[in-house]
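Grab a pencil and work through these short exercises with the structure open beside you. Each task is followed by a solution in steps.

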Amino acid sequence: MNTVKKHPIGISQSKPEKIKNIKKLGKLIIISGPSGAGKTTLIRKVMQKIPTLTFSVSATTRAIREGEIEGIDYFFVSPEEFNDLLRNDAFIEWAKVHGNLYGTLKKHVKELREKRKNVILDIDEQGANQIKKKKIPALFIYILPPSLEELEKRLKERDTERIKEMTRRLQSAKEQITSKGFYDHVIINDDIKKVVKKLKIIIEGYIEK
Ligand code: 5GP
């Protein structure tokens with residue numbers, strides 16, 4: 001009886017050759033969180049600290065805001081153009097957020113990853129969920145804002161009851177997000193410097209794996 005098992009990929013290829021053939025891609029880091037959480041600032045600061053990080057520029061139908069640059073902040077498209085992209089299966093994920101359409105472009109992300117860039121996606125929960133469902137490997141981070149108003153009062157009044165209440169509410173928001181189970185880390189952005197340091201450690205740990 002012949003007991004030699006045939007390797008499914010093909011026995012003739014030697015190991016070093018096989019390794020050479022596997023192109024190493026950059027990784028995906030998903031950042032979500034409500035507006036006002038300070039995501040944009042955090043992303044900018046952490047990108048300064050990790051040079052291999054780059055930002056995924058999404059397509060959106062929303063109007064350009066003052067100070068934004070086409071191709072840097074977003075690719076600003078018409079609803080018709082967005083629908084064409086949708087029909088052509090151009091998105092890794094897409095969603096309607098506050099009445100506007102947003103989508104992550106497959107081609108754009110692929111090109112960056114092939115250059116071994118680690119790509120940061122600032123996308124909402126719906127988009128993060130789609131990536132999770134498609135089983136695309138990624139690091140999922142959710143940023144929560146402390147209530148600035150509350151924070152200000154807390155500091156002014158040193159009101160311990162208010163501090164307790166705020167901590168309770170933040171904790172409950174954190175538990176809600178954590179219980180959905182698809183975010184690896186839920187971080188409260190209560191101190192930019194501290195959070196940037198934390199993000200740097202988390203992201204470096206993931207991309208160096
Ligand atoms: P803004 O219009 O303020 O830049 O972004 C509004 C929201 O849309 C943010 O929560 C942001 O994370 C989300 N967003 C931006 N680009 C994308 C995208 O490509 N896909 C998804 N799903 N959400 C996005």
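**Exercise 1. In which sense do strand 2 and strand 7 pair, and over how many bridges?**

Step 1: strand 2 (residues 53-55) and strand 7 run in the parallel sense, with three bridges between them. Strands here are DSSP runs (E, at least two residues) and helices are too (H or I, at least four), numbered from the N terminus; two strands pair if DSSP finds at least two bridges between them.

Step 2: to find the register, look for L53, which sits opposite N118 in strand 7.

Before going on, a note on the model: it is predicted, so local features need pLDDT of at least 70 and side-chain atom pairs count only at pLDDT 80 or more, while totals for chains, interfaces and linings use all residues. Residues are numbered from 1 along each chain as its sequence is written, and side-chain values use heavy atoms, with hydrogens and water left out.

**Exercise 2. Find what else pairs with strand 7, and say how covered strand 7 is.**

Step 1: strand 1 (residues 28-32) pairs with strand 7 in the parallel sense, over four bridges. Here I30 faces L121 of strand 7.

Step 2: now check cover. Of the five residues in strand 7 (118-122), four are buried (buried is under 20% relative accessible area, exposed over 50%, partly exposed in between; 1.4 Å probe, protein chains only).

**Exercise 3. Track down two salt bridges in helix 4.**

Step 1: the whole structure has eight salt bridges (a side-chain nitrogen of Lys or Arg within 4 Å of a carboxyl oxygen of Asp or Glu).

Step 2: one of them joins E111 to K107, with the closest N and O atoms 3.5 Å apart. Both lie in helix 4 (residues 106-114), four residues apart, or about one turn.

Step 3: another links K110 and E114 at 3.4 Å between the closest N and O atoms. These two are about one helical turn apart because they are four residues apart in helix 4.

Step 4: how open are they? K107 is exposed at 61% and K110 is exposed at 52%, whereas E111 is partly exposed at 39% and E114 is partly exposed at 33%.

**Exercise 4. Which salt-bridge partner does D190 have?**

Step 1: D190 bridges to K194, and their closest N and O atoms are 3.9 Å apart.

Step 2: D190 has 43% relative accessibility, so D190 counts as partly exposed.
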